[in-house]
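Good morning, and thank you for joining this group meeting. Please look at the sequence and the structure on the screen while I speak.

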Amino acid sequence: MPVRVQQQDFDLSHEVAALRAGQAGIGAIVSFVGTVRDMNDGSSVAAMELEHYPGMTEKALEDIVAKAKARWPVLDALVIHRVGPLAPLDQIVLVAVTAPHRGEAFDACEYIIDYLKTEAPFWKKEQTPEGARWVDARVTDDVALAKWKEGD
């Protein structure tokens, strides 16, 4: 399954090994792991909670992966996104892409994470010394996404 939304952590080496198993045409594997930071917008972060709409979220992630596969000669892709309570240093997301060449793998991986950051239906709430706050999309995320919009 190319998309999983789950509470439990994931093992990067296990997931990449499973993704590439039996695919002799792979010339490149690119992966991205996002983690919980202990600081955001000038405040310390003690914890983060991610919420989603089951079914709708998985469909949105599948659509993002399908767009990447249509745009580049990707052999396979995997997105694992965690939900629920998380602490600083915890892994949040894994995006892994296999392709015949590194350029396509890098581009597809970056495309997927840029769309995840801006278009995927997740809601993040941080616990800070000032209290709980919802995390909005960053302008930098919107700028990163804009470079892909021209080709969509």
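I begin with the surface. The protein chain exposes about 8200 Å², an area obtained by the Shrake-Rupley method with a 1.4 Å probe, where for residues only the protein chains shown count as cover. Carbon and sulfur atoms supply 53% of that exposed area.

Before I continue, a word on the source. This is a predicted model, in which local features need pLDDT of at least 70 and side-chain atom pairs count only at pLDDT 80 or more, while totals for chains, interfaces and linings use all residues. Residues are numbered from 1 along each chain as its sequence is written, and side-chain values use heavy atoms, with hydrogens and water left out.

Let us turn to the overall fold. The protein chain has four helices and ten strands; here helices (H or I, at least four residues) and strands (E, at least two) are DSSP runs, numbered from the N terminus. In order from the N terminus, the elements run β-α-β-β-β-β-α-β-β-β-α-β-β-α.

How does the radius of gyration agree with that of a compact globule? For 152 residues, such a globule would have a value near 15 Å, and the protein chain has 16 Å, which agrees. The radius is taken over C-alpha atoms, and the globule rule is 2.2 Å times the number of residues to the power 0.38. Along its principal axes, the C-alpha trace spans about 50 × 35 × 30 Å.

Of the 152 residues, 39% count as buried. Buried means under 20% relative accessible area, exposed means over 50%, and partly exposed lies in between (1.4 Å probe, protein chains only). Among contacts with a separation of 6 or more, 77% come from residues 24 or more positions apart; a contact means heavy atoms within 4.5 Å.

Next, the aromatic rings. How many aromatic pairs does the structure hold? There are five. Rings of Phe, Tyr and Trp (its six-membered ring) pair if their centres lie within 6.5 Å; planes under 30 degrees apart count as stacked, over 60 as edge-to-face, and the rest as tilted.

One of the pairs is formed by Tyr53 and Trp123, edge-to-face, with 5.1 Å centre to centre and 75° between the planes. This pair links distant parts of the chain, 70 residues apart: Tyr53 is in the loop between β5 (47-52) and α2 (56-71), and Trp123 is in strand β9 (residues 122-128). Trp123 is partly exposed, with a relative accessible area of 35%.

Tyr111 and Trp148 also form an edge-to-face pair, at 5.6 Å centre to centre and 80° between the planes. Tyr111 belongs to helix α3 (residues 102-119) and Trp148 to helix α4 (residues 139-149), 37 residues apart. Tyr111 counts as buried at 1% relative accessibility, and Trp148 is buried at 7%. Together with Trp72 and Tyr115, Tyr111 and Trp148 form one aromatic cluster.

Finally, some individual residues. Is Glu15, in helix α1 (residues 12-20), buried or exposed? Glu15 is buried, because its relative accessible area is 10%. Leaving aside residues up to four places away in sequence, Glu15 touches Arg4, Phe10, Leu78, Ile80 and Leu94.

Ala66, in helix α2, counts as partly exposed at 43% relative accessibility. The C-alpha atoms of Ala66 and Ile112 are separated by 9.7 Å, with their positions 46 residues apart along the chain.

Thank you for your attention.
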